[in-house]
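User: I would like to learn how to read a protein model feature by feature. Please give the general idea each time, and then the case at hand.

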Amino acid sequence: MNVTSKALMLVAAGMVAALSSNACTVKEADGAAGAGGASGANSAAGSSAAGAGGSSAGGASAAGAGGAAANPCGDVPTTGQCVDKQTIRTCQVSEVSGAAPKLIDVKCSAQAQCSVVQGAARCVPVGDCYNGDSRCKDATTVEECQNNKWVATSCGAAKCSSKPGFPASCAQQEASSGMTLRGHLEYEFRKPNAALTDFSAELFTEAAVDFFVTVYEGSDLIGAGLTSPGGGAQKAGDWEVQLSKAVTPQSNVYFWPMLFDDSGNPRLAVAKAESDSASDQKSNNYWYWGTPACNSAPCGADTGTYTIRESEGSGAAHIYQWFDYSIFRMADLVPGVQPLTAAVFWEGGIDGKAPIKFDCGSCFAPPQMGGANVVYDASSGASDHYDASLNISGSSASPHHWSRATINHEIGHWIMQSYSRSPGEGGPHYVDQVSKPGLAYSEGFASFQGQATVSNSPSSNDSIGFRKSNGTTFWVDIGKVSWDGGSFELPNPNGPLDQDINENVVASMMWSLWAANNASKPQGLGDGPLYKVLPSKRLLDGPNRGYSRVDFVDYLDALRCGNLATAAQVTAVTSDLKFPYDNQPKCP
């Protein structure tokens with residue numbers, strides 16, 4: 001079901017009246033709940049929440065002979081299993097050191113069933129699609145999902161068309177009146193201060209790009225569009241909407257942190273968190289902001305600049321902006337892959353609600369956690385389903401919504417799950433201690449890609465990730481292989497390939513391969529090789545060499561097998577940090 005139904009429901013429920021009296025709104029420590037961990041304060045880099053795997057207290061564990069890793073939940077794999085058609089059973093490994101793993105059962109929705117996809121249990125449509133979804137099969141054929149099957153209808157002489165937030169249809173949208181409404185959208189955010197001791201007291205503003213814009217006259221939708229990334233005559237954050245009729249003082253503009261696919265179905269959205277449990281994955285409300293299109297007659301064509309204030313929930317806008325950017329960045333780097341749809345849950349204490357710090361800190365919940373649902377019609381319970389979710393803490397002591405390192409670290413887990421194979425290994429892990437190889441690989445990649453994403457280029461880069469959790473701030477510099485508490489324990493150069501390793505050492509080796517400077521041994525490979533390797537046959541299909549789960553050794557093998565890095569480049573990076581990679585890749 002297309003998410004604009006939600007917008008219609010909100011307007012019909014009286015949001016216009018609220019806006020008429022108030023021009024505002026409705027408005028680290030990192031991890032993967034199932035693929036990594038959530039960071040904590042001081043030296044704690046965090047731990048995983050549900051569905052991951054496990055590691056011993058303090059992040060250190062013995063890999064065992066031949067690299068075997070014990071399954072913390074016995075016969076239940078950490079990637080989940082289908083107990084029956086409606087139930088996923090997965091292993092939850094607590095972020096609390098010493099806490100026993102436990103089994104969690106997740107029920108799929110009525111239109112979904114449990115299935116194992118690429119080795120992991122997940123909820124998939126009972127048939128080919130979710131009822132109400134639509135798409136253009138070709139230029140003259142529209143398909144709508146009925147009884148979980150695609151049903152095709154010819155458009156005859158007309159053409160099938162779709163646009164963000166609207167169902168695909170043969171019928172054209174309501175004809176334009178020839179009138180245009182325009183404006184500019186921006187949001188407030190905070191940066192780390194110069195001393196890296198906290199986030200700045202000063203607020204900054206930034207253009208809001210790729211936000212969904214709707215214009216209503218009462219409960220009637222009269223126009224929709226997107227905020228611009230910039231280019232031509234438009235600046236980033238500008239928007240321009242063709243209207244079916246002129247705006248009046250009763251007209252309102254709404255801005256939604258939502259991204260849609262080419263068929264008008266939601267790919268990404270930020271929803272209001274309603275629980276501190278990362279396994280909850282549901283909400284009754286999307287984030288959005290609104291303002292009158294016109295304060296008094298006669299109404300003009302330009303609404304001016306609307307700024308989403310911190311007090312109105314601009315943290316949701318900041319999270320969305322980075323995730324939206326990453327989706328298009330990855331589409332350019334690794335084309336041809338359909339990534340997971342995702343909902344982000346966040347609550348910063350807006351409109352009298354308590355801010356939420358998640359039990360995982362901040363984390364990614366992969367498909368084996370059952371997926372996320374956001375209700376858009378309370379009367380019928382109809383909801384939008386997403387394959388996975390991100391949970392970003394929003395309390396004053398853990399303001400992860402301002403930490404671009406935390407946000408992009410969690411997006412890194414989404415990238416690995418969408419484009420490659422995750423080790424599915426979790427448990428407590430700490431910034432200055434070693435972890436199991438699979439966990440260190442997952443967390444190390446997420447931290448590396450987070451800093452690569454916020455950097456301008458391999459030669460103009462930012463290697464420092466700053467976080468604040470539980471009132472404590474800390475930073476990690478993967479370029480200098482250090483953190484504000486000192487240096488990291490390096491691997492044993494005479495040890496096995498499957499030895500426990502610090503996740504930040506893994507991140508630093510990846511950074512050295514990628515960066516052209518500001519790294520321990522910069523090789524300047526750039527984005528291409530480091531990301532194009534993710535969907536390689538070597539990583540997707542194995543074999544796992546050394547350790548029983550996919551890990552950094554397999555990643556290096558895949559680079560070598562794909563001729564994406566030379567033996568000399570890999571040796572320069574690994575020997576510098578004492579990792580005993582043997583440059584004997586096992587290729588498919």
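Analyst: What follows goes through confidence, strands, a helix, the cores, single residues and backbone angles.

User: Where should a reading begin, and what is the mean pLDDT of the protein chain?

Analyst: It begins with confidence, since this is a predicted model. Where pLDDT is low, the predicted coordinates should not be read in detail. Here the protein chain has a mean pLDDT of 85, and 85% of its residues reach 70 or more. Residues 1–29 stay under 50, although the model has 105 contacts for them beyond four places in sequence. The stretch 34–66 is also below 50, with 172 contacts in the model beyond near neighbours in sequence.

User: Next, strands. Which way do the side chains of β12 point?

Analyst: Side chains in a regular strand alternate between the two faces of the sheet. In β12, F212, T214 and Y216 point one way, while V213, V215 and E217 point the other way. Both sets are buried. With 6 of its 6 residues buried, strand β12 (residues 212–217) is largely enclosed by the rest of the structure.

User: Which strands does β12 pair with?

Analyst: One partner is strand β13 (residues 220–226), antiparallel over 6 bridges; T214 has A224 as its bridge partner there. Another is strand β15 (residues 251–256), also antiparallel over 6 bridges, where N252 stands opposite Y216. The hairpin of β12 and β13 has 2 residues between the strands, and G218 in this hairpin takes a positive phi near 65°.

User: How is a strand order read, for example in the open sheet of 4 strands?

Analyst: The order lists the strands as they lie side by side: β27-β28-β29-β30, with antiparallel pairing. β27 (464–469) and β30 (486–487) are the edge strands, each pairing on one side only. Within the sheet, β28 (residues 472–477) and β29 (residues 482–483) pair over 2 bridges, and D477 stands opposite S482.

User: Now a helix. Why does the end-to-end distance of α4 agree with its length?

Analyst: The check uses a rise of 1.5 Å a residue: the 18 residues of helix α4 (residues 437–454) should span 26 Å, and the end C-alpha atoms are 26 Å apart, so the two agree. As for its surroundings, 18 of the 18 residues of α4 are buried, so the helix is largely enclosed by the rest of the structure.

User: Which residues touch the most other members of the largest nonpolar core?

Analyst: They are F323, W414, F448, Y531, F552 and Y555, in a core of 95 residues. Helix α2 (residues 314–333) gives the most to this core, with 9 residues. The core draws at least three residues from each of domain 1 (3–407) and domain 2 (423–588). A second, separate core has 22 residues, among them Y216, Y254, M258 and A273.

User: How is a single residue placed, say F448 or Y419?

Analyst: One lists its contacts and leaves out near neighbours in sequence. For F448, the contacts beyond four places are I478, A507, M510, W511, W514, L530 and Y531. Y419 lies in helix α3 (residues 404–419) and is buried, with a relative accessible area of 3%. Beyond four places in sequence, its contacts include M330, V334, P339, W414 and L540. Y419 and Y531 are 112 residues apart along the chain, yet their C-alpha atoms are separated by 9.0 Å.

User: Is Q569 buried or exposed?

Analyst: The cut-off for buried is under 20% relative accessible area. Q569 has 18%, so it counts as buried. This residue is found in helix α9 (residues 567–576), and it touches L513, Q523 and L525, not counting residues up to four places away in sequence.

User: Last, the backbone. Which residues other than glycine have a positive phi?

Analyst: Most residues other than glycine have a negative phi, and most peptide bonds are trans. N148 has a positive phi of about 65°; it sits in the loop between β8 (141–146) and β9 (149–154) and is buried, at 12% relative accessible area. L196 is another such residue, with phi near 55°. The loop between β10 (179–189) and β11 (204–207) holds L196, which counts as partly exposed at 23%.

User: Which peptide bond is cis?

Analyst: One such bond runs from G542 to P543, with omega near 5°. P543 lies in the loop between α7 (537–541) and α8 (552–561).

Note on methods: Residues are numbered from 1 along each chain as its sequence is written. This is a predicted model: local features need pLDDT of at least 70, side-chain atom pairs count only at pLDDT 80 or more; totals for chains, interfaces and linings use all residues. Side-chain values use heavy atoms; hydrogens and water are left out. pLDDT is the predictor's confidence in each residue, from 0 to 100. Contact means heavy atoms within 4.5 Å. Two strands pair if DSSP finds at least two bridges between them. A nonpolar core is a set of buried Ala, Val, Leu, Ile, Met, Phe, Trp, Tyr and Cys residues joined through side-chain atoms within 4.5 Å. Buried means under 20% relative accessible area, exposed over 50%, partly exposed in between (1.4 Å probe, protein chains only). Domain bounds come from an automatic or database domain assignment. The expected span of a helix is 1.5 Å times one less than its number of residues.
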